[in-house]
Amino acid sequence: MQALHFPTYGFRLKSSENKVHIFDVIRKKFVVLLPEEWVRQHVVHYLMAEKKYPKSLINVEKQLTLNATKKRYDIVVFNSDGSIHLLVECKAPSVPIDQNVFDQIARYNMQLRATYLMVTNGLDHFYCKTDPRKEQYTFLRNIPDFNR
């Protein structure tokens with residue numbers, strides 16, 4: 001897999017049915033290693049190792065319904081009160097981060113109401129803080145570390 005702009009992590013990989021699988025520590029199972037999954041797993045490990053987010057507050061690949069259409073978000077980090085602290089949209093490294101990607105995470109966030117958003121293809125990362133009252137986003141250099 002392609003080198004990404006994240007620290008190096010010790011992933012558990014296995015080969016099965018002529019496909020490579022990577023162990024997802026959040027879902028507690030091996031999943032097929034596709035380019036987007038490679039990015040997603042780097043983000044999960046980055047959040048835990050560098051930003052100190054507890055594994056227990058991280059959720060991966062869950063369904064949500066938008067305008068009667070079923071969608072799946074990539075990563076959500078909850079606050080201890082159950083509200084959403086961070087919503088992450090992951091794309092494969094070959095997918096450019098463009099307005100369509102920002103529109104997608106904005107649509108998801110209309111329902112989820114996360115305080116912070118992160119969009120990444122593993123090579124380019126964008127972070128912002130939301131202000132629902134003003135309906136605007138402030139771009140940041142990074143997302144905050146976990147605050148106990």
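These are my notebook entries on a sheet, a buried glutamate and a pocket in this structure, which is a predicted model.

**Entry 1: the open sheet**

I began with the strands near the start of the numbering. Strands E1, E2 and E3 form an open sheet in that order, and their pairing is antiparallel. I then asked myself which strands sit at the edges. They are E1 (13–16) and E3 (29–32), since each of these pairs on one side only. Neighbouring strands in this sheet are turned against each other by 40° on average, with direction ignored.

Next I looked up how E2 and E3 are joined. Strand E2 covers residues 19–24, and four bridges link it to E3. I picked out one pair to find on screen: Phe 23 has Phe 30 in E3 as its bridge partner.

I also wanted to know which helix packs on this sheet. It is H1, residues 35–49, and it touches E2 and E3. The direction of H1 makes an angle of about 20° with that of E2.

**Entry 2: Glu 89**

I moved on to strand E6 (residues 84–90), where Glu 89 is found. Is Glu 89 buried or exposed? Its relative accessibility is 3%, so Glu 89 counts as buried, because the cut-off for buried is under 20%.

I looked for a polar partner and found Gln 104: its side chain and that of Glu 89 are joined by a polar contact of 3.4 Å. Leaving aside neighbours within four places in sequence, I noted that Glu 89 is in contact with residues including Asp 74, Val 101, Tyr 108 and Met 118. Gln 104 is on that contact list too.

**Entry 3: the largest pocket**

How much space lies in the largest pocket? I wrote down about 270 Å³. Among the residues lining this pocket are Asn 109, Met 110, Arg 113, Ala 114, Thr 130 and Tyr 137.

I then checked which elements supply the lining. Helix H2 (99–112), strand E8 (125–131) and strand E9 (136–140) each give at least two residues. The largest share, three residues, comes from H2.

**Entry 4: Thr 130, from the pocket lining**

I finished with one of the lining residues, Thr 130, which is found in strand E8. Thr 130 has a relative accessible area of 13%, so it is buried.

Which backbone oxygen lies 2.8 Å from a polar atom of the Thr 130 side chain? It belongs to Ala 114. Not counting residues up to four places away in sequence, Thr 130 touches Asn 109, Ala 114, Thr 115, Leu 117, Gln 136 and Tyr 137.

Key: Residues numbered from 1 in each chain as written. Predicted model: local features only at pLDDT ≥ 70, side-chain atom pairs only at ≥ 80, totals over all residues. Heavy atoms only, no water. Pairing = 2+ DSSP bridges. Axes fitted to C-alpha atoms, helices over the stretch in contact; angles between N-to-C directions. Contact = heavy atoms within 4.5 Å. Buried < 20%, exposed > 50% of the residue type's maximum accessible area, 1.4 Å probe, protein only. Polar contact = N/O pair within 3.5 Å; in protein donor to acceptor, adjacent residues only side chain to side chain. 1 Å grid on protein atoms, 1.4 Å probe; cavity = no way out; pocket = protein on both sides within 12 Å on 5 of 7 lines; lining within 4 Å. Points joined across faces, edges and corners; volume = space filled by probe spheres on them.
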